[in-house]
Amino acid sequence: MKPAPVLVLFDIDGTLLRRSGPHHRQALERAVERVAGVRVSTDGIPVAGMLDRDILLAMLARGGVPKTRARRLLAEVCRAAQNIYVRNCPDLRRKVCPGVRPLLRRLAGRGVPCGLVTGNLSRIAWTKMRRAGLREYFAVGAFSEDGPTRAALIRLAASRARRAGLVAPGARVVYIGDHPNDVLAARQAGAEIIAVGTGVVSGEELAAAQPDVYLPDLRAFRHDLLR
């Protein structure tokens, strides 16, 4: 199959799925308690747009765990969080955002490869996609444990798509997200950004971040955006 001229990358929470329940948050909290022995919550941590690893480090700091010990424990906490989430993830098919399924079907029909770029840890991300019935649409991804910033993850996902022969070396990279942090990350990574108003941020605030395109939801996606 000829490499495609464009790669479309998607955030998950607020972009592909919304109101998917407390299970992700609970998995992070239980993992911190199980591994570090401290009980803390994500309350007050601005988790939207953050990477799971950074959320976990913030929780460990809140629990009084010294920074050096927190860094040493982080890999184990991440494994525990993923194991907990995989066991407890509910059916998410009704949590898919408006327009997502038709768009993914159209992109697949046109031979446009899609990938994930998310702050979720990898097993959490892929479990969400399976439980939402969306797994088949995504060929590559980059996740919380893969890099220090969301911009680095965008660059990594694009590199993985090129190495897999999915896209040409000079292919356009389009990132679709729902948070100003997504807009900033795309700018830093040299990708185009389509922002959708299905997350926790108001449409006005998201549009003010000056994405290349703002859509209220993915039902408004037009194919000429990828020309």
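A residue counts as buried when its relative accessible area is under 20%, as exposed when that area is over 50%, and as partly exposed in between. Keep this rule at hand for the exercises below, and remember that the model is predicted.

**Exercise 1. Sort three residues by cover**

Task: Decide which class, buried or partly exposed, fits His23, Glu29 and Tyr85.

Solution:
- Step 1. Begin with His23, which is found in helix 1. Its relative accessible area is 23%, so His23 is partly exposed.
- Step 2. Glu29 also has its place in helix 1. With 14% relative accessibility, Glu29 falls under the 20% limit and therefore counts as buried.
- Step 3. Tyr85 lies in helix 3. Its relative accessibility is 2%, so Tyr85 counts as buried.

**Exercise 2. Follow the contacts of helix 1**

Task: Find out which residues His23 and Glu29 touch, leaving aside neighbours up to four places away in sequence.

Solution:
- Step 1. For His23, the list holds Tyr85, Asn88 and Pro90.
- Step 2. Check one of these partners in space: His23 and Asn88 are 65 residues apart along the chain, yet their C-alpha atoms are separated by 6.8 Å.
- Step 3. Now look from the other side. Tyr85 touches His23, and its list also includes His24, Ala27, Leu92, Ile124, Thr127 and Lys128.
- Step 4. Another pair to try is Tyr85 and Gln26: they are 59 residues apart in sequence, and 8.2 Å lie between their C-alpha atoms.
- Step 5. Glu29 has its own set of partners, namely Val40, Ser41, Thr42 and Met59.

**Exercise 3. Place strand 1 among its partners**

Task: Work out which strands pair with strand 1, and where Leu9 finds its bridge partners.

Solution:
- Step 1. Strand 1 covers residues 4-10. It pairs with strand 4 (residues 167-177) in the parallel sense, over six bridges.
- Step 2. Strand 1 is also joined to strand 2 (residues 114-117); these two run parallel and share three bridges.
- Step 3. Zoom in on Leu9. In strand 4, Leu9 stands opposite Tyr175, while in strand 2 its bridge partner is Gly115.
- Step 4. Ask how well strand 1 is covered. Six of its seven residues are buried, so strand 1 is largely enclosed by the rest of the structure.
- Step 5. Take Phe10 in strand 1 as an example. Phe10 has a relative accessible area of 1% and is buried.
- Step 6. Finish with a distance: Phe10 and Lys95 are 85 residues apart in sequence, and their C-alpha atoms are 16 Å apart in space.

**Exercise 4. Compare what helix 2 and helix 5 pack against**

Task: List the buried residues of helix 2 and helix 5, and name the elements that these residues pack against.

Solution:
- Step 1. In helix 2 (residues 52-62), the buried residues are Asp52, Ile55, Leu56, Leu57, Met59 and Leu60.
- Step 2. A general rule helps you read such a list: an α-helix has 3.6 residues a turn, so residues three or four places apart point the same way.
- Step 3. The buried residues of helix 2 pack against helix 1 (23-36), helix 3 (67-88) and helix 5 (122-132).
- Step 4. Helix 5 is mostly covered, with eight of its eleven residues buried. These are Ser122, Ile124, Ala125, Trp126, Thr127, Lys128, Met129 and Ala132.
- Step 5. They pack against helix 1, helix 2, helix 3, helix 4 (100-109), strand 2 and strand 3 (140-142).
- Step 6. Look at what follows each helix. After helix 2 comes Gly64, with a positive phi near 85 degrees; just after helix 5, Gly133 takes a positive phi of about 75 degrees.

**Exercise 5. Step back to the whole protein**

Task: Describe the order of the elements, the overall dimensions and the charges of the protein.

Solution:
- Step 1. Count the elements: the protein has eight helices and six strands. From the N terminus on, they run β-α-α-α-α-β-α-β-α-β-α-β-α-β.
- Step 2. Test the overall form. A compact globule of 227 residues would have a radius of gyration near 17 Å, and the protein agrees because its value is 17 Å.
- Step 3. Add the box: the C-alpha atoms fill roughly 50 × 35 × 30 Å along the principal axes.
- Step 4. Turn to cover and contacts. Buried residues make up 52% of the 227 residues. Among contacts with a separation of 6 or more, 67% join residues 24 or more positions apart.
- Step 5. Consider the surface: the protein exposes about 10500 Å², and carbon and sulfur atoms supply 49% of it.
- Step 6. Close with the charges. There are 37 positive and 20 negative side chains, and the centres of the two sets lie 5 Å apart.

Terms used. Residues are numbered from 1 along each chain as its sequence is written. This is a predicted model: local features need pLDDT of at least 70, side-chain atom pairs count only at pLDDT 80 or more; totals for chains, interfaces and linings use all residues. Side-chain values use heavy atoms; hydrogens and water are left out. Helices (H or I, at least four residues) and strands (E, at least two) are DSSP runs, numbered from the N terminus. The radius of gyration is taken over C-alpha atoms; the globule rule is 2.2 Å times the number of residues to the power 0.38. Buried means under 20% relative accessible area, exposed over 50%, partly exposed in between (1.4 Å probe, protein chains only). Contact means heavy atoms within 4.5 Å. Accessible areas come from the Shrake-Rupley method with a 1.4 Å probe; for residues, only the protein chains shown count as cover. Lys and Arg count as positive and Asp and Glu as negative; His and the chain ends are not counted. The place of a charge is taken as NZ of Lys, CZ of Arg, CG of Asp or CD of Glu. Two strands pair if DSSP finds at least two bridges between them.
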